[in-house]
Amino acid sequence: MRRLPLWISIPRKTSIIFILLAAILLCSGGVSYAASFAATTPWLGEIASFIGSDKVRVRNLSVWSENGNAAAVGRPRAGDIIIAVNDADAARFRFSRKTRNLRLLYDSAPMTDLQLKSIFYDPALLPYVAQNVMKIISASDNARYSFYQRRLAEFQSRVEGAVDVGKHLLSNTKMLDLTGVTGVWVRAAVSGAVRPPKAVWQGWLDGDAAALKAALDEASRRKWLIVMDIWTPPSIRSVASAYENRVTIVPPSRNADYFTYLQDIYRMIWKRAQPVKKKSK
C-alpha cells in the first residue's frame, strides 16, 4: 500500500500543534541567548546591547522622559541579571544588594544624580563603564570572552570616532559651557569651551544674579555661544534664555540610539554656531 505524505498521516490536532510550534521557531529565528539582562537606564542598556551583540538579550527597565530623566516602565523577569551603576542607581528602581542577580558596575562610588547621569557622556570614563559591563556579561558566558573583548574594543573605537567628528565640526567654536550633564562630552571636542569654576557656579546657584548676568553679557560681547542642556539648573537657564547667542541641548528621545545622540549633541551646537546669512535686498 502506498504510504501517505507525512503531513496527511499525522492526526489533524497533532499537525496543528506541530505547525504552530514551527511558526514560533521561525518567528524567533531559533535564537538561543547565552543570558538575559535587565539594565536600569537606557544608556546602560545600550552599552550592554552593544557589548553583548546578538549573543545576549538586554531589556531596559526605563525609558527617557521629556525632562531627561529615566522613567521606569517595567520590572526584571525571572532569571534576568540586573545591571545598575551603583547602589544609588539600584535604589531608584527599588533594588538593593539583597536583590537576587543584581550586578553593580561600581561597588562603592558615591555620586550625585548629575554625576550619575554624566558618566555616560564622559569619554574618559566610558571605556571603564563599558569594561565593567563586559565583565558582567562575560561572567555569564565565559566561552565567548574574546568575542565580548572585541566588542569592547569596537565600542571604545566608536566613542573616539564620535569625539573626532565633534572636533572636526567645532574646532574653532568659542562657548560658555553652562550644561548640567553633557558638558564633559562637549568639552572633549571643543578646546574653546569655558566652564565656570565651582565657586562661581555655586555663587550663581546661591542667587548672585549680578555675577551671572555679567558673565552672560561678557560671553555675548565676545560672541561666544552660550551652551545649556535640559539638566542646567532652572535658575541659571531662565536667565541665560534671554540671550540670543544660546543653544539648549535637547534630551534624548524615547527610543534614541546612543551613538546617534552623542553625535547629535555636536550637530546641535554646530548648527547654532553657523553665522546667520543676511537676506539679499
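The following exercises, each with a worked solution, concern a predicted model of a protein.

**Exercise 1. Confidence**

Determine which element of the protein has the lowest mean pLDDT and which has the highest, and identify stretches where pLDDT stays under 50.

Solution. Begin with the overall level: the protein averages a pLDDT of 88, and 86% of the residues score at least 70. Next, turn to the elements. Helix α1 (residues 6-9) has the lowest mean pLDDT, 40, whereas strand β5 (residues 81-84) has the highest, 98. Then consider the stretches. Over residues 1-10 pLDDT stays under 50, and the model has two contacts for them beyond four places in sequence. Residues 21-30 also stay under 50, with one contact beyond four places in sequence. Finally, a point of reading: where pLDDT is low, predicted coordinates should not be read in detail.

**Exercise 2. The open sheet**

Establish the strand order of the open sheet of four strands, and state which strands stand at its edges.

Solution. The order is β8-β7-β9-β10, and the pairing is parallel. The edge positions belong to β8 (193-194) and β10 (246-249); each has a single partner strand, so one side of each is left without a neighbour in the sheet. To examine one pairing, take strand β9 (residues 225-229), which is joined to β10 in the parallel sense over four bridges. Within this region, Ile226 stands opposite Arg246 in β10.

**Exercise 3. The setting of Thr179**

Decide whether Thr179 is buried or exposed, and list the residues it touches beyond four places in sequence.

Solution. First locate Thr179: the residue is in the loop between β7 (175-177) and α8 (183-189). Its relative accessibility is 1%; because buried means under 20%, Thr179 counts as buried. Lastly, leaving aside residues up to four places away in sequence, Thr179 touches Arg195, Trp201, Val227, Met228, Asp229, Thr232 and Ile249.

**Exercise 4. Two pockets**

Describe the volume and lining of the largest pocket and of the second largest pocket.

Solution. The largest pocket has a volume of about 540 Å³. Its lining comprises 19 residues, and the closest to its centre are Leu114, Gln115, Gly180, Arg195 and Lys198. At least two lining residues come from each of α5 (113-118), α8 and α9 (198-205). By class, this lining has eight nonpolar, seven polar and four charged residues.

For the second largest pocket, the volume is about 330 Å³. Of its 15 lining residues, Lys223, Trp224, Leu225, Arg272 and Ala273 lie nearest the centre. Helix α12 (residues 258-273) provides the largest share of this lining, three residues. The classes here are five nonpolar, six polar and four charged.

Terms used. Residues numbered from 1 in each chain as written. Predicted model: local features only at pLDDT ≥ 70, side-chain atom pairs only at ≥ 80, totals over all residues. Heavy atoms only, no water. Buried < 20%, exposed > 50% of the residue type's maximum accessible area, 1.4 Å probe, protein only. Contact = heavy atoms within 4.5 Å. pLDDT = per-residue confidence, 0-100. Pairing = 2+ DSSP bridges. 1 Å grid on protein atoms, 1.4 Å probe; cavity = no way out; pocket = protein on both sides within 12 Å on 5 of 7 lines; lining within 4 Å. Points joined across faces, edges and corners; volume = space filled by probe spheres on them. Nonpolar A, V, L, I, M, F, W, Y, C, P; charged D, E, K, R; others polar.
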